[in-house]
Amino acid sequence: MHKSASYVLGHTDQELERLVNQAQLVDPITRRSFLEAGVSLGMRVLDVGSGPGDVSFLVADLVGARGEVVGVDRSPIAIRTANARMASRPLANVSFVEGDPAELQFARPFDAVVGRYVLMFQPDPAAMLHRLATHLRPGGVLAFHELDWNGARSHPAVPTYDQSCEWIVKTLAQSGADPRLGAKLAAIMNAAGLPAANLHLESLASAGPDGAELATFTADLTRALLPEMQRLGIATAEEVGIDTLAARIRGEMIASTATIIGRAEIGAWARNQV
């Protein structure tokens, strides 16, 4: 459920596959954040911007068979993909709906409203959270997992990794997204009329010859953003060298026995007081 003008990553088959691969790395972080937020057995949960369904499937495990998860996304392609993936899972308590969750009407309120990497693409995230809170029962929880790219770094320096992160941040920002929204989550929840938020922060990191995950992760995101990078004049295809980017990052890591650290993964949650 993204504003189409600023959701630069799109919903191609390749991008949906990237999201599934991304989920394998970040799902454990999302799980820990949502558990701290109180998402638990028996809850009815709305997953905002559900994409190919990974967060919905994760939450289904947290709420168990007695709970329920409704995933909502504006993209019909994402909804079709999520439904196709659900066909191979024994989940009777998950459903997907196409539309804008801030505008849709639901028969019953939810115990929790959750989302991952959604608010950073919204023109007014506080207004969106304020509307989403109307879907909650009194005392229900809003829990979101967002990013702050200011946390991405390397030591000793891995120049190709650092440059890739800089290109990603510039492309996201110039396309209308907010690459630092994670650091603003508490303030945004307060502006939405919610009580003081609780926060959870983790980061991915890689080092050594076997630490390929973050290098591949970064190269895959760079590939997804490359057309927009070129359109905006941020980097050329020749400068990026996408086909060898992951290998070059890994090579520099190994050569300098460096550690690369990913963007800050920030979770925030607050209880609805209405």
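In this predicted model, helix α2 is followed by G64, a residue whose phi is positive, near 70°. That helix is a convenient place to enter the structure, and its burial can be described residue by residue. The buried residues of α2 are D54, V55, S56, F57, L58, V59, A60, L62 and V63. Because 9 of the 10 residues of α2 are buried, the helix is largely enclosed by the rest of the structure. Part of its surroundings is a set of strands, since α2 (residues 54-63) lies across β1 (44-48), β2 (68-73), β3 and β4 (110-116). Relative to β2, the helix runs at about 165°.

The strands beneath this helix lead to the sheet to which they belong. Which order do the strands of the open sheet of 7 strands follow? The order is β3-β2-β1-β4-β5-β10-β7, and the pairing within this sheet is mixed. At its edges stand β3 (94-98) and β7 (198-202), each of which pairs on one side only. From one strand to the next, the twist averages 20°.

Within this sheet, β1 deserves a closer look. Its burial is complete by count, with 5 of its 5 residues buried. In a regular strand, the side chains alternate between the two faces of the sheet. For β1, both faces are covered, with R44, L46 and V48 buried on one side and V45 and D47 buried on the other. On the β2 side, β1 pairs with its neighbour in the parallel sense over 5 bridges, and D47 has G71 of β2 as its bridge partner. The connection between these two strands passes through α2, and this β-α-β crossover from β1 to β2 is right-handed. With β4, β1 also runs parallel, here joined by 4 bridges, and the bridge partner of V45 in that strand is A112.

From β2 the sheet continues to β3, and these two strands pair in the parallel sense over 5 bridges. D73 stands opposite E98 in β3. Together with helix α3 (residues 76-86), β2 and β3 make a right-handed β-α-β unit.

Elsewhere in the sheet, the pairing takes the antiparallel sense: strand β5 (residues 136-148) and strand β10 (residues 264-271) run antiparallel and are joined by 8 bridges. In this pair, L147 has E265 of β10 as its bridge partner. Helix α4 (residues 125-132) also packs on the sheet, where it touches β1, β4 and β5, and its direction makes about 150° with that of β5.

A separate open sheet has 3 strands in the order β6-β9-β8, with antiparallel pairing. Its edges are formed by β6 (153-155) and β8, each with a single partner strand, so one side of each is left without a neighbour in the sheet. The twist in this sheet averages 15° from one strand to the next. Between β8 and β9 the antiparallel pairing extends over 3 bridges, and A207 has T259 of β9 as its bridge partner. Helix α5 packs on this sheet by touching β6 and β9, with its direction at about 170° to that of β6.

Helix α9 (residues 245-255) can be read against these elements. Which residues of α9 are buried? They are L245, A246, I249 and M253. These residues cover an arc of only 100° around the axis, which puts them on the same side of α9. They pack against α5 (159-174), β8 (205-207), α7 (213-232), α8 (237-240) and β9 (259-261). Just after the helix, T257 takes a positive phi of about 45°.

The nonpolar interior offers another way to view the model. Its largest nonpolar core has 61 residues, and those with the most contacts inside it are L129, L132, L142 and F144. Helix α7 supplies the largest share of this core, with 8 residues. Apart from it lies another core, of 23 residues, which includes V39, F57, A82 and W269. Of these, F57 returns the reader to α2, where it is among the buried residues.

Terms used. Residues are numbered from 1 along each chain as its sequence is written. This is a predicted model: local features need pLDDT of at least 70, side-chain atom pairs count only at pLDDT 80 or more; totals for chains, interfaces and linings use all residues. Side-chain values use heavy atoms; hydrogens and water are left out. Buried means under 20% relative accessible area, exposed over 50%, partly exposed in between (1.4 Å probe, protein chains only). The arc is that of the directions from the helix axis to the C-beta atoms. Contact means heavy atoms within 4.5 Å. Two strands pair if DSSP finds at least two bridges between them. Axes are lines fitted to C-alpha atoms, for helices over the stretch in contact, and angles run from 0 to 180 degrees between N-to-C directions. A crossover is right-handed if, with the strands pointing away from the viewer, the path from the first strand over the helix to the second runs clockwise. A nonpolar core is a set of buried Ala, Val, Leu, Ile, Met, Phe, Trp, Tyr and Cys residues joined through side-chain atoms within 4.5 Å.
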